[in-house]
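Biologist: Please walk me through one part of this model closely, in words a first-year student can follow. I would like to know which helix and which aromatic rings meet there.

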Amino acid sequence: MKIARAMNLPPGLRESIYIGGLLHDIGKIGISESVLLKPSKLTESEFDIIKQHPVIGYEIIKHIPQFKKNGVLDMVLHHHERYNGTGYPKGLKEQQIPLAARIMAVADSFDAMTSKRVYRENRLELQDVIEELRRCRGTQFDPVVADVFLGILEEERENILIHDLDASIKRPHYI
């Protein structure tokens, strides 16, 4: 939402990005917990299984007409595409990747790096996350979207990592 707001995207698209953020990993319900929760490095075949979650998620929600119209399906299907074309599931690159999915890719990666994971004991330090976002802009991430988010991080620094439980439950104000 913060990225979409900073990019001056229309309120309707911001709302779609919010919904896409909630649903982008819904396909993980179709992935075995033994793979999802594995604390060590995934094998190539296990990673191939993980790479199916965007397609599984798409299949789960593709019958909801509003999600096709508002771009949520695109976010679910394409949030692991990479700006340089090396992502999955389709290997889209640059502007072939819907803008909302490019935004989701940055936000999802930030969340992954700043959250505790089964395969990593501690979250990364914010400065390390910033360096990773800078390093991957133009390859993994759309450079414009990455720069917008880096600007947000520069302004908010550690405050962006503070999560208010009550605020996370309430629907955000879009305007």
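Modeller: Here is a look at one helix and its surroundings. This is a predicted model, in which local features need pLDDT of at least 70 and side-chain atom pairs 80 or more, while totals for chains, interfaces and linings use all residues. Residues are numbered from 1 along each chain as its sequence is written, and side-chain values use heavy atoms, without hydrogens or water.

Let's start with helix α8, residues 99-114 (helices are DSSP runs of H or I, at least four residues, numbered from the N terminus). Its axis comes within 10 Å of that of α2, residues 11-23, and the two cross at roughly 50 degrees (axes are fitted to C-alpha atoms over the stretch in contact; angles run from 0 to 180 degrees between N-to-C directions). The helices are therefore oblique to each other (neither under 35, over 145, nor 65 to 115 degrees). I17, G20 and G21 of α2 meet A100, I103 and M104 of α8 (contact: heavy atoms within 4.5 Å).

Now for the rings: the whole structure holds two aromatic pairs (centres within 6.5 Å; planes under 30 degrees apart are stacked, over 60 edge-to-face, the rest tilted). F47 and Y88 sit 6.1 Å apart with planes at 85 degrees, so they are edge-to-face. F47 lies in α4, and Y88 lies in the loop between α7 and α8, 41 residues away. Y88 is buried at 15% relative accessible area (buried is under 20%, exposed over 50%, partly exposed in between, with a 1.4 Å probe and protein chains only). The other edge-to-face pair is F110 with F149, at 5.0 Å and 75 degrees. This pair joins α8 to α10, 39 residues apart in the chain. F110 is buried at 9%, and F149 is buried at 5%.

Note on methods
Phe/Tyr/Trp six-rings, centres within 6.5 Å; stacked < 30°, edge-to-face > 60°.
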